[in-house]
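Subject: Structure for your review

Dear colleague,

Please find the structure below for your consideration. I should be grateful if you would look through it before reading the notes that come after it.

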Amino acid sequence: MEVVIIEKKTFEALLSGVETLTGKVGALCRRCNDKQMQKWLDGQEVCRLLRISPRTLQSLRDNRTIGCTQINRKFYYKPQEIERLMPIAGHFRDGSG
């Protein structure tokens, strides 16, 4: 076992830095908890909610009409994006979009 000896002033500075870091991490955690991450929806759920086909959903992604995140080969959508498109979803189903 190796023993390291440091001055009291250096040790107190180290503890102060750790306390500061702990406070900042705590503040970040509280801020993130306030913005609880909502459940992301997959393509199948979005198609069902908007009553559109997977191909129409792909067109919406390609045209950047709907925001999404891709993880590996699967796309995920925020519930807010779906709510935003609900009023105009019929426009896409009619094939005029």
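The notes below go through the fold, the sheet, the core and a few individual residues.

Please bear in mind throughout that this is a predicted model.

Overall fold

The chain contains 5 helices and 3 strands. Read from the N terminus, the order of these elements is α-β-α-α-β-β-α-α. Of its 97 residues, 19% count as buried. The accessible surface amounts to about 8,100 Å², and carbon and sulfur atoms contribute 54% of that area. Among contacts with a separation of 6 or more, 50% link residues that lie 24 or more positions apart.

The sheet

The 3 strands make up an open sheet with antiparallel pairing, in the order 1-3-2. Strand 1 (41-42) and strand 2 (69-71) are at the edges and have a single partner strand each, so one side of each has no neighbour in the sheet. Strand 3, residues 74-77, pairs with strand 1 over 2 bridges, and strand 2 pairs with strand 3 over 3 bridges.

Which residue of strand 3 is the bridge partner of Asp42? That partner is Tyr76. Tyr76 also stands opposite Thr69.

Strand 2 and strand 3 form a hairpin with 2 residues between the strands. Asn72 lies in that loop and has a positive phi of about 55°, although Asn72 is not a glycine. With a relative accessibility of 72%, Asn72 counts as exposed.

The nonpolar core

The largest nonpolar core has 13 residues. Those with the most contacts inside this core are Val46, Leu50, Ile52, Leu57, Ile66 and Ile82. Two or more residues are given to the core by each of helix 2 (43-50), helix 3 (54-62), helix 4 (79-85) and helix 5 (89-93). The largest share, 3 residues, comes from helix 2.

Val46 may serve as an example of how the core is connected. Once its neighbours within four places in sequence are set aside, Val46 is in contact with Leu41, Arg51, Leu57, Ile66, Tyr77 and Ile82.

Helix 3 and the loop that follows

Ser59 belongs to helix 3. Is Ser59 buried or exposed? Ser59 falls in between and counts as partly exposed, because its relative accessibility is 24% and the cut-off for a buried residue is under 20%. Although Ser59 and Phe92 are 33 residues apart in sequence, their C-alpha atoms are 9.8 Å apart in space.

The charged end of Arg61 sits over the ring of Phe75, at 3.8 Å from the ring centre. As for contacts between rings, the structure holds 0 aromatic pairs.

Arg64 is found in the loop between helix 3 and strand 2. Most residues other than glycine have a negative phi. Arg64, which is not a glycine, has a positive phi of about 60°. The relative accessible area of Arg64 is 77%, so Arg64 is exposed.

When you examine the model, you may wish to begin with Arg64, which has a positive phi of about 60°, and with Asn72, where phi is positive at about 55°.

With kind regards

Definitions and conventions
Residues are numbered from 1 along each chain as its sequence is written. This is a predicted model: local features need pLDDT of at least 70, side-chain atom pairs count only at pLDDT 80 or more; totals for chains, interfaces and linings use all residues. Side-chain values use heavy atoms; hydrogens and water are left out. Two strands pair if DSSP finds at least two bridges between them. Helices (H or I, at least four residues) and strands (E, at least two) are DSSP runs, numbered from the N terminus. A nonpolar core is a set of buried Ala, Val, Leu, Ile, Met, Phe, Trp, Tyr and Cys residues joined through side-chain atoms within 4.5 Å. Buried means under 20% relative accessible area, exposed over 50%, partly exposed in between (1.4 Å probe, protein chains only). Contact means heavy atoms within 4.5 Å. Accessible areas come from the Shrake-Rupley method with a 1.4 Å probe; for residues, only the protein chains shown count as cover. Rings of Phe, Tyr and Trp (its six-membered ring) pair if their centres lie within 6.5 Å; planes under 30 degrees apart count as stacked, over 60 as edge-to-face and the rest as tilted. A charge sits over a ring if NZ of Lys or CZ of Arg is within 6 Å of the ring centre and within 35 degrees of the ring normal.
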